[in-house]
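Each label placed on a model should trace back to a value and a cut-off. The turns below take the labels one by one.

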Amino acid sequence: MKSEITISELAKLMNVSVHQIRYFEEKGILQPAYVDRNQYRMYGMDQVYRLAHILLLRKLGVPVQSIKECITSYSADQLGQLLHRSLLEIDTELLRLQELRQFMNKILQKQPNVSPQSEHYRVKRRDTAYLTRWMEMESGSKLNARGLVERAGLVPDLFESDIHCIEDGSGTLTLYLETQAPGDYSLPEGEYLAVLRLIHEEDELEQAIEQFYDYAAAQSFALIGPLILIERSYLSLFTPDKLHYELQALIEPDEHSGKGARP
DNA sequence: CTTCTGACA
DNA sequence: TGTCAGCA
């Protein structure tokens with residue numbers, strides 16, 4: 001029995017496809033030990049090691065075209081730089097995945113609130129939140145796509161964030177994004193009256209706001225500070241054609257501090 | 001049965 | 001990158 005192996009054996013050994021091995025040959029980076037009379041490619045240990053190197057470089061993101069020079073004429077120093085570079089790339093990818101994971105957790109924590117009978121009032125505790133101004137608009141005006149492009153600062157992952165809309169009395173609606181560090185505006189820690197609403201038409205939102213104040217009055221909640229309107233557009237993934245809003249307002253930390261009220 | 005080549009999405 | 005045909 002020959003010491004060399006066939007292409008399918010090599011493929012199984014290295015956990016790659018036969019096609020891929022031929023592709024490497026076509027690109028001139030992996031030649032068979034020899035070609036048998038029946039035109040079969042045959043591979044020995046040299047090719048096994050060589051293929052292992054190729055696969056490793058590929059894992060590091062080295063394009064197949066560059067692998068040839070990489071193996072043949074690269075100094076140990078150049079290779080060290082290459083490894084160092086891909087280590088940095090791995091770190092950034094790791095960071096990206098961690099952030100993605102956090103976001104998925106955030107959705108899963110809020111999603112149970114969505115479907116059942118979510119639209120009920122409750123009192124919830126909020127820690128201090130720091131907001132950074134993103135854009136401003138007149139209270140009556142509607143936000144369209146063009147307005148987004150022209151007037152709003154570009155924010156990566158905008159629609160994965162909780163957009164806080166706050167009306168500051170003077171007829172200006174300011175949209176904020178939540179940030180880690182203190183920014184343009186701070187929401188004090190405390191008890192907030194809150195309600196979730198699913199909105200599919202513009203005027204429903206205004207109704208919801210009126211109902212919010214009516215409810216607060218009926219329950220004798222003393223609301224201080226502005227109404228905070230939080231849009232979580234990423235939750236609309238579960239309910240097409242509906243936007244998810246949470247209405248909140250700080251409650252005077254006096255009476256009503258204990259249990260929340262029910263509608 | 002396995003592989004090869006070439007072509008295609 | 002996988003898949004398929006047609007051939008040896």
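## Labels and their cut-offs

α1 (7–14) and α2 (18–26) each supply at least two residues of the surface near DNA strand B. This is a predicted model, where local features need pLDDT of at least 70, side-chain atom pairs count only at pLDDT 80 or more, and totals for chains, interfaces and linings use all residues. Residues are numbered from 1 along each chain as its sequence is written, chains are lettered from A and ligands numbered from 1 in written order, and side-chain values use heavy atoms, without hydrogens and water.

Q: What makes a residue count as near DNA strand B, and which residues are around this strand?
A: One heavy atom of the residue must lie within 4 Å of the strand. The residues around DNA strand B are Thr6, Ile7, Ser8, His19, Arg22, Gln39, Tyr40 and Arg41. Of the strand's atoms that come within 4 Å of the protein, sugar and phosphate account for 79%.

Q: How is the surface near DNA strand B divided by class?
A: It has two nonpolar, four polar and two charged residues. Ala, Val, Leu, Ile, Met, Phe, Trp, Tyr, Cys and Pro count as nonpolar; Asp, Glu, Lys and Arg as charged; the others, Gly among them, as polar.

Q: What makes the pair formed by Arg22 and DNA strand B a polar contact?
A: A polar contact is a pair of N or O atoms within 3.5 Å; within protein, one must be able to donate a hydrogen and the other to accept it, and residues adjacent in sequence count only if both atoms are side-chain atoms. A side-chain N or O atom of Arg22 is 2.7 Å from a phosphate oxygen of DNA strand B, so the pair qualifies. Arg41 also has a polar side-chain atom 2.3 Å from a phosphate oxygen of the strand. For Tyr40, the partner is a base oxygen, at 2.4 Å.

Q: Why is α2 called roughly perpendicular to α3?
A: The axes of α2 and helix α3 (residues 45–59) cross at roughly 95 degrees and come within 12 Å. Angles of 65 to 115 degrees count as roughly perpendicular, under 35 as roughly parallel, over 145 as roughly antiparallel and the rest as oblique. That makes α2 roughly perpendicular to α3.

Q: Which residues meet between α2 and α3?
A: Gln20, Ile21 and Phe24 in α2 meet Leu51, Ile54, Leu55 and Arg58 in α3. Contact means heavy atoms within 4.5 Å. By class, this contact has five nonpolar, one polar and one charged residues.

Q: Why is Glu246 called buried?
A: Buried means under 20% relative accessible area, exposed over 50%, and partly exposed in between (1.4 Å probe, protein chains only). Glu246 has 2%, so it is buried. This residue is found in strand β11 (residues 243–251). A polar contact of 2.9 Å joins its side chain to that of Gln248.

Q: How do you know whether Thr174 is buried or exposed?
A: Its relative accessible area is 3%, so Thr174 is buried. Thr174 lies in strand β7 (residues 172–179). Leaving out residues up to four places away in sequence, it touches residues including Arg133, Met135 and His164.

Q: Why does Asp157 count as exposed?
A: Its relative accessibility is 52%, so Asp157 counts as exposed. Asp157 lies in the loop between α6 (145–151) and β6 (163–167).

Q: What is the phi of Asn15, and where is this residue?
A: Asn15 has a positive phi of about 60 degrees, although it is not a glycine. Most residues other than glycine have a negative phi. Asn15 is in the loop between α1 and α2.

Note on methods: Helices (H or I, at least four residues) and strands (E, at least two) are DSSP runs, numbered from the N terminus. Axes are lines fitted to C-alpha atoms, for helices over the stretch in contact, and angles run from 0 to 180 degrees between N-to-C directions.
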